[in-house]
Amino acid sequence: MTTTTPQARDVDVAASGDVPERGRLVVEIGSGPDAVTVGIFRFGGRLHAWENVCAHQGGPACQGRIVGRVRERLDEGKRSLGLRFDEDTMHVVCPWHGYEYDVTTGRHPGVPGASLRRIEVAEAEGRIRVTV
Ligand code: FES
């Protein structure tokens with residue numbers, strides 16, 4: 001039996017300026033059953049790209065709200081001093097049920113194994129390309 005591997009597509013999707021620091025761009029590549037929707041994020045100067053399919057139930061995770069990770073501050077006695085957003089991380093929250101992903105790792109911080117599928121992304125000469 002022979003199997004075929006779909007040909008990877010290297011696609012120019014945007015200008016570098018379309019994804020500013022802490023910004024995001026969602027692009028659809030192709031059409032029909034071969035279409036892939038990709039969320040591209042920039043954080044700390046680097047680009048990260050993920051397939052726009054939530055690990056929970058397939059929702060459009062890359063199109064949700066962007067927030068810093070929520071951390072609880074504790075005093076010496078481990079009593080809560082309240083919650084705060086950690087601006088050293090950048091998360092995207094799936095709009096369907098709230099699964100949250102670190103945009104640099106694609107992983108949910110609290111659900112082991114729940115992660116987005118990484119898409120290769122490259123930037124050169126003011127253009128952004130992805131490989132799907
Ligand atoms: S589909 Fe994303 S949180 Fe449920």
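This passage describes the strands, hairpins and cysteines of a predicted model. In this predicted model, local features need pLDDT of at least 70 and side-chain atom pairs count only at pLDDT 80 or more, while totals for chains, interfaces and linings use all residues. Residues are numbered from 1 along each chain as its sequence is written, and side-chain values use heavy atoms, with hydrogens and water left out.

A good place to start is the open sheet, in which 3 strands follow the order β1-β9-β8 with antiparallel pairing. Strands here (E, at least two residues), like helices (H or I, at least four residues), are DSSP runs numbered from the N terminus, and two strands pair if DSSP finds at least two bridges between them. Because β1 and β8 stand at the edges with a single partner strand each, one side of each is left without a neighbour in the sheet. From one strand to the next, the twist averages 30 degrees; the axes behind such angles are lines fitted to C-alpha atoms (for helices, over the stretch in contact), and angles run from 0 to 180 degrees between N-to-C directions.

Strand β9 spans residues 127-131. On one flank, β1 (residues 10-15) joins β9 through 5 antiparallel bridges. Asp12 has Arg129 of β9 as its bridge partner, and Asp10 is bridged to Thr131. On the other flank, β8 (residues 120-124) also pairs with β9 in the antiparallel sense, over 5 bridges. Here Glu120 finds its bridge partner in Thr131. The hairpin of β8 and β9 has 2 residues between the strands, and Glu125 takes a positive phi near 50 degrees there. The two faces of β9 can be told apart: Ile128 and Val130 form the covered face, whereas Arg127, Arg129 and Thr131 form the uncovered one.

Attention now turns to β5, β6 and β7. Strand β5 (residues 65-74) runs antiparallel to β6, with 9 bridges between them; Arg69 has Asp86 of β6 as its bridge partner. These two strands form a hairpin with 5 residues in between, where Lys78 in the turn has a positive phi of about 65 degrees. Strand β6 is joined in turn to β7 by 3 bridges, again antiparallel, and Val92 stands opposite Tyr101 of β7.

The hairpin of β6 and β7 has 6 residues between its strands, and Gly98 in its turn has a positive phi of about 90 degrees. Gly98 lies in the loop between β6 (80-93) and β7 (100-102). Its relative accessibility is 35%, so Gly98 counts as partly exposed; buried means under 20% relative accessible area, exposed over 50%, and partly exposed in between (1.4 Å probe, protein chains only). Gly98 and Arg22 are 76 residues apart along the chain, and their C-alpha atoms are separated by 19 Å.

Finally, the cysteines. A search of the whole structure for disulfides, defined as pairs of cysteine sulfur atoms within 2.5 Å, finds 0. For Cys62, the closest cysteine sulfur is in Cys94, and the 9.1 Å between the two sulfurs is too far for a bond. Cys62 is buried because its relative accessible area is 0%. Cys94, at 3% relative accessibility, also counts as buried.
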